Amino acid sequence: MSAKKPKTRKRAIYLVTDFGGDWEDAWERPVIAFTDKARAEECAAKRETRQYDEYGPVWDYEGSEVKEVPLVDFGDRQEEK
């Protein structure tokens with residue numbers, strides 16, 4: 001008998017990432033993940049407005065972006081007996 005492969009569903013999550021710095025001091029920091037792209041983009045836009053004061057960007061912050069990350073969900077995995 002052959003083992004059944006679990007059903008897979010391909011989905012994506014949207015990761016909001018802050019970034020900044022230059023060259024060797026560059027940094028990238030994941031902040032939060034969403035299952036809805038529109039909500040992730042809204043969060044990134046709000047983060048950008050919060051990272052500035054009257055003198056410019058706080059620290060060496062340059063922006064926030066949304067990255068799509070593939071997610072593979074194996075659903076209900078049951079081991080065969």
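**View 1. A negative patch on the surface of the predicted model.** In this figure, Asp and Glu count as negative, while Lys and Arg count as positive. With that in mind, welcome to a predicted model, where Asp22, Glu24, Asp25, Asp60 and Glu62 form a negative surface patch. Take Glu24 as your starting point: this patch member sits in the loop between strand E1 (9–20) and strand E2 (27–34). Is Glu24 buried or exposed? Its relative accessible area is 72%, so Glu24 is exposed.

**View 2. Arg47 meets Asp18.** Four salt bridges turn up when the whole structure is searched, and this view shows the one between Arg47 and Asp18. How far apart are the closest N and O atoms of this pair? They are 2.6 Å apart. The two partners come from distant parts of the chain, with Arg47 in helix H1 (residues 37–50) and Asp18 in strand E1, 29 residues apart. Both Arg47 and Asp18 are buried.

**View 3. Lys67 reaches Glu28.** Here the side chains of Lys67 and Glu28 come together in a salt bridge, at 2.5 Å from N to O. Why does this pair tie together parts that are 39 residues apart in sequence? Because Lys67 lies in strand E5 (residues 61–73), whereas Glu28 lies in strand E2. Look at the Lys67 side of the pair as well: its relative accessibility is 28%, so Lys67 counts as partly exposed.

**View 4. Glu65 joins in to make a network.** Stay with Lys67 for one more close-up, as its side chain also meets that of Glu65 in a salt bridge, this one at 3.7 Å from N to O. Glu65 counts as partly exposed because its relative accessibility is 31%. Which residues end up in one network? Salt bridges with shared partners link Glu28, Glu65 and Lys67.

**View 5. How confident is the prediction?** Before you leave, take a look at the confidence scores. The protein has an average pLDDT of 81, and 74% of its residues score at least 70. Where is confidence highest, and where is it lowest? Strand E2 is at the top with 92, and strand E4 (residues 56–57) is at the bottom with a mean of 66. Predicted coordinates should not be read in detail where pLDDT is low. Strand E2 is also the home of Glu28, the partner of Lys67 in View 3.

Key. Residues are numbered from 1 along each chain as its sequence is written. This is a predicted model: local features need pLDDT of at least 70, side-chain atom pairs count only at pLDDT 80 or more; totals for chains, interfaces and linings use all residues. Side-chain values use heavy atoms; hydrogens and water are left out. Patches are made of residues with over 30% relative accessible area and no salt bridge: like charges are joined within 9 Å, nonpolar side chains (Val, Leu, Ile, Met, Phe, Trp, Tyr) within 5 Å. Accessible areas come from the Shrake-Rupley method with a 1.4 Å probe; for residues, only the protein chains shown count as cover. The place of a charge is taken as NZ of Lys, CZ of Arg, CG of Asp or CD of Glu. Helices (H or I, at least four residues) and strands (E, at least two) are DSSP runs, numbered from the N terminus. Buried means under 20% relative accessible area, exposed over 50%, partly exposed in between (1.4 Å probe, protein chains only). pLDDT is the predictor's confidence in each residue, from 0 to 100.
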